[in-house]
Amino acid sequence: MKSYYTYTIYVVYLLFCLLITSASAQSLIRQSTDDRNTPLQQENGAKAVSILGEAHYLDKDDLEISSSDYKVSPSNQVTGMRSRPPMSYSLKMESFNTLLQSNNTERYESRPFPVGGYNWSLIVYPNGNREDSGSGFISLYVAIDNSTLVSSHQEVFADLRFYVFKRTERKFFTVQDTNVWRYNIFKTMWGFPRVLPLDTFRNPSNGYLFNGDHCEFGVDVTIHTPFQRSELFTVARNFPNPRFTWNIQRFSTLLGETYFSDVNIQVHPSGAVTGEGRALSMYLLLNANERFRPYEKIYVRAQLRVLNQRASSQWRTIERPIDHWFTGPGLGWGYDEFVPLADLRDPERGYLVNDKLMVQVEMEAISSTRYFPRAL
C-alpha cells in the first residue's frame with residue numbers, strides 16, 4: 001500500500017512540472033514572436049512615441065494607418081491632365097491584370113531610383129491599399145530607402161506628383177497634394193490610397209489599360225531644401241523732412257541748359273526734348289552715389305511742384321506725381337513739359353515773382369532691399 005501511495009505522489013509531481021515547463025515555453029515563444037513583429041509594425045506605418053528618449057511602438061489595435069500625417073482633405077488634392085511625362089520615374093506594366101488577380105501579391109514595388117541624394121521606390125497597389133481605406137481603387141505611394149538617411153533624426157520633405165497614363169488622350173492623369181510630405185525612419189511611405197476607381201481604370205474605353213493589359217504609372221519627387229540666399233524688400237514712408245524747396249533766383253538770367261539742386265532736382269529753364277523752347281522741364285534724380293547691386297531696383301514715389309507764390313484761388317501750385325522704379329544711380333524721372341513757359345512767365349499767375357522760381361519735391365515712399373547669404 002505504501003509503495004502504491006508513493007508512486008501516485010510521484011506521478012502528480014511529474015504532471016505539475018510539465019505544466020510549469022509548458023507555461024514558460026509559451027511565454028518565451030510569445031516574447032520571441034513579439035520581438036520579431038516589432039520592426040514589421042514600423043514598416044506598416046506604426047507611429048513612434050518618444051518617452052524619456054526611447055522609441056515605443058503602438059499596439060496594432062491603436063494604429064491609425066493614414067496616407068499623410070494630417071487628415072487628408074479633398075481640398076488639398078489637386079488633379080489634372082498634362083502631356084509631359086514624369087521626370088523622376090516611370091513604371092510600365094504589360095501584365096497588370098495578372099498582377100491584379102494574384103492572391104499573394106498585394107503591391108508592386110519598383111526598383112530604387114535616386115532623387116536629391118536619396119533612393120526612392122514607386123509602389124502600386126493594384127487592388128488598393130486596404131489598410132489605408134483604398135479598397136476598390138488604384139493606390140500609389142512613394143517610399144524612401146532608410147539606409148540613405150544620414151541619421152535616425154533626419155527628416156526629408158518632398159513634393160509628390162503621381163502620374164497615370166491615359167492612352168486615349170495621349171496625356172497623363174496627375175494627382176498631388178498642396179502640402180509637402182515628411183519622411184523619416186518612422187514614416188517611410190506616403191501617397192494616395194484613392195487615385196482612380198478600379199472600375200474606371202480597368203474600363204478599356206477610358207484608356208488607362210491599353211493593348212490588352214498594358215499601363216503606365218509615374219512620379220515626380222521634388223526635395224524641399226532650405227534656400228541659400230534671401231532678400232528683404234521694405235518701403236519707407238515716414239521721413240523727418242520729406243519736403244525740399246529750391247529757390248531759383250534770377251531765373252530769367254539762366255542761360256544754361258540744365259541746373260541741379262542739392263537734393264537731386266534737375267531743371268531745364270528753356271525746356272528739353274519735347275518741351276524744348278515751350279515748357280519748363282523738371283525731373284527727380286536718384287543720388288549718383290547710390291550703391292546698386294546687379295538686378296536691383298529702387299522704388300520711389302514723390303510729388304514734384306512749382307509753387308504758386310501768391311495767394312490766389314484761380315492759380316494754384318502745379319503738382320505732378322513721380323511713381324517710378326529706378327534701375328541705376330544718376331538716372332532721373334520726370335516731365336519734359338512740366339509747365340508751359342508762357343504760363344510760367346505770366347506775372348498774374350504767381351509762379352515767377354521778383355524773378356524767383358520756387359520748385360519743390362515731397363518724398364512719399366522709397367524702397368530698400370537687403371540681401372542675405374542664408375535664411376532670415
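This section describes the overall make-up, nonpolar cores, aromatic pairs and selected polar contacts of a predicted model.

The protein has 376 residues, and buried residues make up 35% of them. Four helices and 23 strands are assigned. Contacts between residues at least 6 apart in sequence were examined for their reach along the chain; 66% of them join residues at least 24 apart. The accessible surface comes to about 23,500 Å². Carbon and sulfur atoms account for 51% of that surface.

In soluble globular proteins, nonpolar side chains tend to be buried together. In this model, the largest nonpolar core has 38 residues. Trp120, Tyr183, Phe201 and Phe217 have the most contacts inside this core. Strand E9 (residues 156–166) supplies the largest share of the core, with five residues. Another core, of 26 residues, lies apart from it. Among the residues of this other core are Phe251, Val267, Val306 and Ile322.

Phe201 illustrates the packing within the largest core. With neighbours within four places in sequence left aside, Phe201 is in contact with Phe96, Ile138, Val164, Leu196, Tyr208, Leu209, Cys215 and Phe217. Three of these names recur in an aromatic cluster, which is formed by Phe96, Phe201, Tyr208 and Phe217.

Aromatic pairs were then considered across the model. The count comes to 17. A pair of aromatic rings is described by the distance of the centres and the angle of the planes. For Phe96 and Phe217, the ring centres are 6.4 Å apart and the planes stand at 50°. This angle falls between the cut-offs of 30 and 60 degrees, so the pair counts as tilted. Phe96 belongs to helix H2 (residues 96–100), whereas Phe217 belongs to strand E13 (residues 215–223). The pair therefore ties together parts that are 121 residues apart in sequence. Both Phe96 and Phe217 are buried.

Tyr118 and Trp120 form a second example. Their ring centres are 6.3 Å apart. Their planes stand at 75°, over the 60-degree cut-off, so this pair is edge-to-face. Tyr118 and Trp120 are both buried.

Two arginines place their charged ends over aromatic rings. The charged end of Arg349 sits over the ring of Trp315, 3.8 Å from the ring centre. That of Arg320 sits over the ring of Phe338, at 5.5 Å from the centre.

Arg320 also appears among the contacts of Gln303. Gln303 is in strand E19 (residues 298–306). Its relative accessible area is 12%, under the 20% cut-off, so Gln303 is buried. The side chain of Gln303 makes a polar contact with the side chain of Glu364 (3.4 Å). Beyond neighbours within four places in sequence, Gln303 is in contact with Glu319, Arg320, Pro321, Gln360, Val361, Glu362 and Glu364.

Arg243 touches part of this segment too. The residue is found in strand E15 (residues 243–248). At 55% relative accessibility, Arg243 is over the 50% cut-off and therefore counts as exposed. Not counting residues up to four places away in sequence, Arg243 touches Arg305, Gln360, Val361 and Glu362. With Glu362, the side chain of Arg243 makes a polar contact through the glutamate side chain (3.1 Å). Arg243 and Glu364 are 121 residues apart in sequence, yet their C-alpha atoms are 9.3 Å apart in space.

Definitions and conventions: Residues are numbered from 1 along each chain as its sequence is written. This is a predicted model: local features need pLDDT of at least 70, side-chain atom pairs count only at pLDDT 80 or more; totals for chains, interfaces and linings use all residues. Side-chain values use heavy atoms; hydrogens and water are left out. Rings of Phe, Tyr and Trp (its six-membered ring) pair if their centres lie within 6.5 Å; planes under 30 degrees apart count as stacked, over 60 as edge-to-face and the rest as tilted. Helices (H or I, at least four residues) and strands (E, at least two) are DSSP runs, numbered from the N terminus. Buried means under 20% relative accessible area, exposed over 50%, partly exposed in between (1.4 Å probe, protein chains only). A charge sits over a ring if NZ of Lys or CZ of Arg is within 6 Å of the ring centre and within 35 degrees of the ring normal. Contact means heavy atoms within 4.5 Å. Accessible areas come from the Shrake-Rupley method with a 1.4 Å probe; for residues, only the protein chains shown count as cover. A polar contact is a pair of N or O atoms within 3.5 Å; within protein, one must be able to donate a hydrogen and the other to accept it, and residues adjacent in sequence count only if both atoms are side-chain atoms. A nonpolar core is a set of buried Ala, Val, Leu, Ile, Met, Phe, Trp, Tyr and Cys residues joined through side-chain atoms within 4.5 Å.
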